[in-house]
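Visitor: I would like a close look at a single part of this structure. Please take one helix, explain how it sits among its surroundings, and then follow its contacts outward.

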Amino acid sequence: MEVVDLTERPDAVGVLAAWHFDEWSNLYPEQSLQDFESDLTGCLGEQAVPTTFVALIDTTPIGSISVLPRDMEIEEPWGPWLANFYVMPSYREAGVGKRLIDALLAHCDANAIPSLYLFTPETRQYYERLGWKTIRSCEYHGEVVDIMCRTL
C-alpha cells in the first residue's frame with residue numbers, strides 16, 4: 001500500500017467523491033455529488049490547503065484524507081480541518097487509516113500548520129487514541145458531533 005497526493009491520481013476524484021457523498025451527504029444536505037467532486041478538484045493545486053491524499057493498493061484507491069480550510073459551518077474561525085477521512089470497509093482495522101493520518105500530519109508539519117480540527121459523529125475514541133482533544137459536542141444537521149483539535 002502507498003499513500004500519494006491526489007495530484008498524482010486526479011482520475012480518483014470521481015471514486016472518492018462517490019465514497020464521501022455516500023458516507024456524509026446527510027451532514028452536507030445542500031451539496032450534490034457534483035459539489036463533492038468540485039471540492040476534491042479544488043485539492044489538485046500546489047497549495048498546502050486544501051490537499052487530499054489517497055491510499056492505493058497497486059492502482060486501486062482504498063482510502064482518502066484531506067486537509068481543508070473549512071469543513072463545518074460554525075461561527076468559530078477554526079481551521080484548517082482534517083476531512084474526507086475514509087477507508088473502504090474491507091480495509092478498515094488494517095492500518096490504512098493510521099497511514100493516511102500520518103501522511104496528512106507530515107504534510108501539515110512540513111507546511112507549518114500548527115493545529116488541525118475535525119468533527120465526527122461516531123469515532124471520537126479513535127481520534128483520542130491518536131492525540132486529538134474534544135473541544136465540544138454539538139448538533140450539526142440533525143446529528144450530534146464532536147469537534148476535536150490536535151496541536152502539531
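Guide: What follows is an account of helix H1 and then of the parts around it. The model is predicted, and that should be kept in mind throughout.

Helix H1 runs over residues 13-24, which makes 12 residues. At 1.5 Å a residue, a helix of that length should span 16 Å, and the C-alpha atoms at its ends are 16 Å apart, so the two values agree.

Which residues of H1 are buried? They are Val13, Leu16, Ala17, Trp19, His20 and Trp24. Around the helix axis they cover an arc of only 160°, which means that they lie on the same side of H1. The spacing can be understood from the geometry of helices. An α-helix has 3.6 residues a turn, so residues three or four places apart point the same way.

The buried residues of H1 have several partners. They pack against helix H2 (33-41) and against three strands, S2 (51-57), S3 (60-68) and S4 (81-87).

One of these buried residues, His20, is a useful case to follow. His20 belongs to helix H1, and its relative accessible area is 1%, under the 20% cut-off, so it counts as buried. Leaving out residues up to four places away in sequence, His20 touches Ser25, Phe36, Leu40, Ser64, Asn84 and Tyr86. With Asn84 there is also a polar contact, side chain to side chain, of 3.5 Å. Distance along the chain is a poor guide here: His20 and Phe85 are 65 residues apart in sequence, while their C-alpha atoms are separated by 8.6 Å.

Leu16, another buried residue of H1, leads to the nonpolar core. The largest such core has 29 residues, and Leu16 is among the members that touch the most others, along with Leu6, Met72, Trp81, Phe119 and Ile147. Two or more residues come from each of H1, H2, S2, S4, strand S5 (115-120), strand S6 (133-140) and strand S7 (143-151). H1 gives the largest share, five residues. There is also a second, separate core of 21 residues, which includes Ala55, Ile101, Leu104 and Tyr127. As background, nonpolar side chains tend to be buried together in soluble globular proteins.

Leu16 also touches a polar residue, Thr52. Thr52 sits in strand S2 and is buried, with a relative accessible area of 0%. Besides Leu16, the residues in contact with Thr52 include Val4, Leu6, Leu40, Cys43 and Ile65, not counting those up to four places away in sequence. The side chain of Thr52 makes a polar contact of 2.5 Å with the side chain of Ser66.

Just ahead of S2 there is a detail of the backbone. The peptide bond from Val49 to Pro50 is cis, with omega near 5°, and Pro50 is in the loop between H2 and S2. A second cis bond joins Gly79 to Pro80, with omega near -5°. Pro80 is in the loop between S3 and S4. These bonds deserve a remark: most peptide bonds are trans.

The loop between S3 and S4 also holds one end of a salt bridge. The side chains of Glu76 and Arg136 meet there at 2.6 Å, N to O. Glu76 is in that loop and Arg136 is in strand S6, so the pair ties together parts that are 60 residues apart in sequence. Glu76 is partly exposed, at 22% relative accessible area, and Arg136 is partly exposed as well, at 30%.

In total the structure holds five salt bridges. Another joins Asp146 and Arg124, whose closest N and O atoms are 3.9 Å apart. Asp146 is in strand S7 and Arg124 in helix H4 (residues 124-129), so this pair also links distant parts of the chain, 22 residues apart. Asp146 is buried, at 11% relative accessible area, whereas Arg124 is partly exposed, at 29%. Together with Glu128, these two residues make up a network of salt bridges.

To return to the starting point, H1 has its buried residues on the same side, and they pack against H2, S2, S3 and S4.

Note on methods
Residues are numbered from 1 along each chain as its sequence is written. This is a predicted model: local features need pLDDT of at least 70, side-chain atom pairs count only at pLDDT 80 or more; totals for chains, interfaces and linings use all residues. Side-chain values use heavy atoms; hydrogens and water are left out. Helices (H or I, at least four residues) and strands (E, at least two) are DSSP runs, numbered from the N terminus. The expected span of a helix is 1.5 Å times one less than its number of residues. Buried means under 20% relative accessible area, exposed over 50%, partly exposed in between (1.4 Å probe, protein chains only). The arc is that of the directions from the helix axis to the C-beta atoms. Contact means heavy atoms within 4.5 Å. A nonpolar core is a set of buried Ala, Val, Leu, Ile, Met, Phe, Trp, Tyr and Cys residues joined through side-chain atoms within 4.5 Å. A polar contact is a pair of N or O atoms within 3.5 Å; within protein, one must be able to donate a hydrogen and the other to accept it, and residues adjacent in sequence count only if both atoms are side-chain atoms. A salt bridge is a side-chain nitrogen of Lys or Arg within 4 Å of a carboxyl oxygen of Asp or Glu.
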